Amino acid sequence: MHGHEWDATDAAGPAPGATPARPEGHRLVPLATVLVQGDGLILHWSEDAEALLGFTADEAVGSYAARLLTDESDRGEVLAIFQRIMDGTGTSFVFPVRHRDGHRVELEFRTYPIAGPGGTLLLLATASDTGAIHEIEADLAVLDGIFGRSPIGMAVYDTQLRYVRINEALARMNGVPAAAHLGRRISAVLPGINTAEIEQTMRQVLRTGRPVVDARSHGRVPGDPRRDHAWSASYFRLEDSTGRVFGVASSIIDVTERFQAEARASRAQERLTTIAEATARIGTTLDLQRTAEELIEAVVPRFADFATVDLLEPVLRGAEPTAIPADRAIKLRAVAVGESYESGLTHAVDAVGETSEYAPHRSYTQCLRSGKPLLRAHVDEEVLRGLVASEERVAPGIAAGIHSYLMVPISARGMVLGGSEFIRMRNSEPFTDADVALAEELVARTALALDNARLYRRERETALTLQRSLLPQEIHRTLGLEIAYRYLPSSVVSEVGGDWFDVVPLSCGRVALVVGDVMGHGIRAAATMGQLRTVARTLATLDMPPEEVLTRLDETAHGIGEGQFATCICAVYDPLERTVQVASAGHLPPVWVGPDGLARRVDLPPGVPLGVGGVAFESIEFTLPEGGMVALYTDGLVERRGQDIDNGIDVLARTLAEPGRTLEQTCDAVLGALVTDGTDDDIAMIMARVLPLPADRIATLPLTGGGRLPGKARRFTRSTLERWGLTALADYAELLVSELVTNALLHADAPRRLRLFRDRVLTVEVSDAGGQTPQLRPFAEQDEGGRGMFLVSELAQRWGSRLTRDGKVVWAELELPFGVGH
């Protein structure tokens, strides 16, 4: 509020002998100095005499003053005055003298007789222009009038920022007598105001010479020690024409009322801005924790130095909140915590994820139960003890500097979800009723978003539980094939999707790989996915070829109705032949990688999506050699908005072709390359790599040539099982082999091959050229035939047949003895 300092010696004027300063904008009166002899001869003529009268020193020195400076008519009067001076009877007078250019200048003279060399009497005279003196006197009178009578506070400070002069208006404003200011700095006179900022401003003016206008200051002065005031001050530097700095001057007015009005308007504007920004920031996601964090980000540091959001445990589980019983403690979990600086207060509150229990009598509990805000404008140790969950948190809170506290219950639909705390430490203003209203507005918006997130979480968890229950819970190991898979729910879409995958073990060590995608999202899509997956699994276990599986699956999807469509791909891998038979219903093509490291798309007849109805599907077959790998996937893996889907498939192919990874690592690499920032669709993916078949798991006997084939097959079977350590199954296996080979001889043109395969079970399969599948037929006791397949059905754990491109295969399975691994 009040100004800067300057040196008192500078204020008093120049040092003795120094050339008088001539500040710009001010006219100083020249003081002519002349030394004359007793007879009037001029001995000395000063520069100011030259400036005042125009005669140079060369022209004046050696001339008689009366002749040089007066007309003939005035000389008698001049000589009389000169005589009186020399007699000692006149020392001061006013007399007009002649200027070099002829006009008259009225001068005020002062004379001083002095003794010269040898006792000679000399006269020293000084003269100044009376007109200029009168003007200066008028200016000073005006200046004194302004300084003394102005209602605006005014002060002058030396270069050390000490008061040199102060008017009564400023003295009254400060409540300190004017004399008590002089020679002292502002900080000594007015310790209750922001003197550091004021003096910094004044030093800046001293240093740069640039005036400062409307510099604000605030605080309390001795004249009104119980009320804050605000002032507007302007500062300018005092200097002469040579740049010599004398100090700083200031003018000051009290703007307390305006300041308070501006502060109220500013706070109102800030509240509106905070609400507007918070509205845009809070509730951008349907995530409970992120929503709580958004509230923290909206209030710290603008509204509070420290803030927390804690939610009741049932709310975090998605359960409906209930009324808080009056006699029961409550448990809350910290969901978000934020601070504007390292205050140490984080040690006095729960970290995110931690839980605290509040007894029924605690202020926090009572506040939540009432649903009304809890304001403690001024916090001390006793108050804080009633707020925190445990005694050991009081000391850290006091050490952190808590001085004001506000807690607002988080309520939605009339039920309390939790509470949000706001704390001030460095912010010296205590919370007010206006702050409570603002906090309630922000928390109400947050509560709505939190409740929506809670409801969404519950619905999503329900849908995800349904979806996960419909996906494979366990993937059985398949001999000769390593399998890895990934399933990622959408990270953006608010509902679950209908993507699925399945690995279906089939007879003779074969396996069906199925990947599908129901169009749309939500529980309905998930339910449709479950129906289609179940049907696809059932159809595959019936040894249907892939195209037949899709045909039947299309009928099922069409029967569901209501526009439910899905894409699907079905591939059956035979580890013994190392062939893949695959068909597609509008699905993306598989990508396979050979031992040469080249990745290729499988060129498939595209087919139409399931649900169209009445459309035939085609399959192709290709060989997947040892070390080869194939990947099946849904479009969520490779499709991105604004990008060609072929680009995604190309990235997938390049990633699959990179060598040196395990299958699991390859899955992760694919996701890392294609799913960088989440996906707006579900992702299902299966990868399979061909492994070498162990020699002790498969044995093949061609059923060609002469001789009794059933006997030959029985002997081969027994010797093989003895070699495998499965002698306990030899009798049953011999009988099954004998019946199957005999049946092929009787009902098919020619048996072709017997194959024994040991995996989870022992499989006996006989292939022949016939196209008619065996059936169980009723027979009578006296019938001599017809019992072969009945006997097979009784002996085998499971049996069946499947058509091939050149005939069929009939197979039967025997359960391995307990303790025999596969």
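Visitor: Which elements do the buried residues of H13 pack against?
Guide: Keep in mind that we're looking at a predicted model here. Helix H13 covers residues 363–370. Its buried residues pack against a set of strands: E11, E12, E13, E14 (374–376), E15 (404–412) and E16.

Visitor: And which residues of H13 are buried?
Guide: To count as buried, a residue needs a relative accessible area under 20%. Within helix H13, the ones that qualify are Tyr364, Thr365, Cys367 and Leu368.

Visitor: Within what arc do the buried residues of H13 fall, seen down its axis?
Guide: Here's the general idea: in an α-helix, residues three or four places apart point the same way, because there are 3.6 residues a turn. In H13 the buried residues line one face of the helix, since they fall within an arc of 160°.

Visitor: Which residue follows H13, and what is its phi?
Guide: Just past the helix comes Gly371. Its phi is positive, near 75°.

Visitor: What is the volume of the largest cavity?
Guide: Rolling a water-sized probe over the atoms shows where empty space is left. Three cavities of 30 Å³ or more turn up in this model. The largest of them has a volume of about 260 Å³.

Visitor: Which residues are closest to the centre of the largest cavity?
Guide: The lining of the largest cavity is made of 22 residues. By class, 15 are nonpolar, three polar and four charged. Closest to the centre are Ala348, Val349, Tyr358, Val388 and Glu421.

Visitor: Which strand gives the most to that lining?
Guide: Four strands supply at least two lining residues each: E11 (306–312), E12 (330–339), E13 (355–358) and E16 (415–424). Those four are also among the strands that the buried residues of H13 pack against. With three residues, the one giving the most is E12.

Visitor: Where is confidence lowest in the protein?
Guide: Across the protein the mean pLDDT is 84, with 88% of residues reaching 70 or more. The high point is strand E25 (residues 629–633), at a mean of 95. At the other end, with a mean of 34, sits helix H1 (residues 8–12).

Visitor: Is His218 buried, exposed or partly exposed?
Guide: His218 is part of strand E8 (residues 212–221). Beyond its neighbours within four places in sequence, it touches Gly192, Ile193, Asn194, His229, Ala230 and Trp231. Exposed would need over 50% relative accessible area and buried under 20%. At 40%, His218 is partly exposed.

Visitor: Which peptide bond is cis, with omega near 5°?
Guide: As a rule, most peptide bonds are trans. To find this cis one, look at the loop between helix H11 (288–299) and E11, where Pro301 is found. The cis bond runs from Val300 to Pro301.

Visitor: Asp543 has a positive phi, but is it buried or exposed?
Guide: Most residues other than glycine have a negative phi. Asp543, in the loop between helices H17 (523–541) and H18 (546–560), has a phi of about 65°. Its relative accessibility is 10%, and the limit for burial is 20%, so Asp543 counts as buried.

Visitor: What is the relative accessible area of Arg578?
Guide: Arg578 sits in the loop between strands E20 (566–574) and E21 (579–585). Its phi is positive too, near 55°. Arg578 is partly exposed, and its relative accessible area is 25%.

Notes
Residues numbered from 1 in each chain as written. Predicted model: local features only at pLDDT ≥ 70, side-chain atom pairs only at ≥ 80, totals over all residues. Heavy atoms only, no water. pLDDT = per-residue confidence, 0-100. 1 Å grid on protein atoms, 1.4 Å probe; cavity = no way out; pocket = protein on both sides within 12 Å on 5 of 7 lines; lining within 4 Å. Points joined across faces, edges and corners; volume = space filled by probe spheres on them. Nonpolar A, V, L, I, M, F, W, Y, C, P; charged D, E, K, R; others polar. Buried < 20%, exposed > 50% of the residue type's maximum accessible area, 1.4 Å probe, protein only. Arc of directions from axis to C-beta. Contact = heavy atoms within 4.5 Å.
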